[in-house]
Amino acid sequence: MLAELRELFDALPVDADQGAYSEAVVADNALGKATAASRHHSRQRLRELYGCDPRLPIFRILRRLWSLDEPGRPLLALLAALARDPVLRATAPPVLSLPVGAELVRSTFIEVVRAGTGDRFKEAVLDKIARNSASSWSQSGHLQGRMRKLRRRVEPTPGSLAFAVWLGVQEGIGGPALLASRWAQLLDSSPDGLTEVARRARRLGLIELHIGGGVFEMSADALDPWRGRR
């Protein structure tokens, strides 16, 4: 729902509260949906994927970085959605392991979803999950093509790197391992390549980074606009 997220963020200020997001989608029809039912459905899906509530740290950081890193918005949206949606997260390995230019085989993709969700879903639901997930990976830039989904390489940005670092820290990861976490792997770059992006993020004030003398320290605590707030 990348297009819907763009429209919603364009319609509201950065400091909007949860009620404002709901009102914008349902009452104001900021997304231009044709029916009331589709408005309510969009609100539900946006909440599921992104939270749409500034009381949630992941959403606060997504909202802040959205304003600072326009080229990275597809990756920012993907990182937030993967952090919140375990089903979508289960589809990451088969996509990320594909060589650039290789095709995502639908039947294999469905089997991976099945393995990651057990017996929770019937065949028709699994097929829908696979379609929607492939669309998500296309919107993020990892896949391209309509009928045949082919793997392509994405370009990491300072904002997406900072978000990946923050998510890694929340899992208790530190040091150089932050550039090899499952979140950093979404950025399609080696740890050395991501180190250069991290230096750009540091210059923008998005992360703290200290490298030298056998020391590698990185933190993204400053990303949270509510940091220190009681």
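**Buried turns and an aromatic cluster**

C52 has a relative accessibility of 6%, so this residue counts as buried (under 20% relative accessible area; exposed is over 50%, partly exposed in between; 1.4 Å probe, protein chains only). The model is predicted: local features need pLDDT of at least 70, side-chain atom pairs count only at pLDDT 80 or more, and totals for chains, interfaces and linings use all residues. Residues are numbered from 1 along each chain as its sequence is written, and side-chain values use heavy atoms, with hydrogens and water left out.

Stay with C52 for a moment. Its phi is near 50°, a positive value in a residue other than glycine. C52 sits in the loop between α3 (36–50) and α4. Helices here are DSSP runs (H or I, at least four residues), as are strands (E, at least two), numbered from the N terminus. D188 also has a positive phi, near 55°, and is not glycine. The loop that holds D188 runs between α10 (158–170) and α11 (191–203). D188 is buried, at a relative accessible area of 13%.

Now turn to the aromatic rings. Rings of Phe, Tyr and Trp (its six-membered ring) pair if their centres lie within 6.5 Å; planes under 30 degrees apart are stacked, over 60 edge-to-face, the rest tilted. That rule gives 5 aromatic pairs. Take F9 and F59: their ring centres are 5.8 Å apart and their planes stand at 65°, so the pair is edge-to-face. F9 belongs to helix α1 (residues 2–11) and F59 to helix α4 (residues 57–68), so the pair ties together parts 50 residues apart in sequence. F9 is buried at 4% relative accessibility. F59 is buried too, with a relative accessible area of 2%.

F59 has another partner. Y21 and F59 make an edge-to-face pair, 5.2 Å centre to centre with 85° between the planes. Y21 lies in helix α2 (residues 18–26) and F59 in helix α4, so this pair links distant parts of the chain, 38 residues apart. Both Y21 and F59 are buried. With W66, the residues F9, Y21 and F59 form one aromatic cluster. A charge joins the picture at F9. R63 lies over the face of that ring, 4.2 Å from its centre (NZ of Lys or CZ of Arg within 6 Å of the ring centre and within 35 degrees of the ring normal).

Helix α1 also packs against helix α5 (residues 73–84), at an angle of about 105° and with axes 11 Å apart. Axes are lines fitted to C-alpha atoms, for helices over the stretch in contact; angles run from 0 to 180 degrees between N-to-C directions. α1 and α5 are therefore roughly perpendicular (65 to 115 degrees; under 35 is roughly parallel, over 145 roughly antiparallel, the rest oblique). L2, L5 and R6 of α1 meet R73, P74 and A77 of α5 in this contact (heavy atoms within 4.5 Å). The contact residues comprise 4 nonpolar, no polar and 2 charged (Ala, Val, Leu, Ile, Met, Phe, Trp, Tyr, Cys and Pro are nonpolar; Asp, Glu, Lys and Arg charged; the others, Gly among them, polar).

End in helix α10, where A164 is placed. A164 is buried at 0% relative accessibility. Leaving aside neighbours within four places in sequence, A164 is in contact with L79, S181, W183, A184 and L187. From A164 to M218 is 54 residues in sequence and 12 Å in space, C-alpha to C-alpha.
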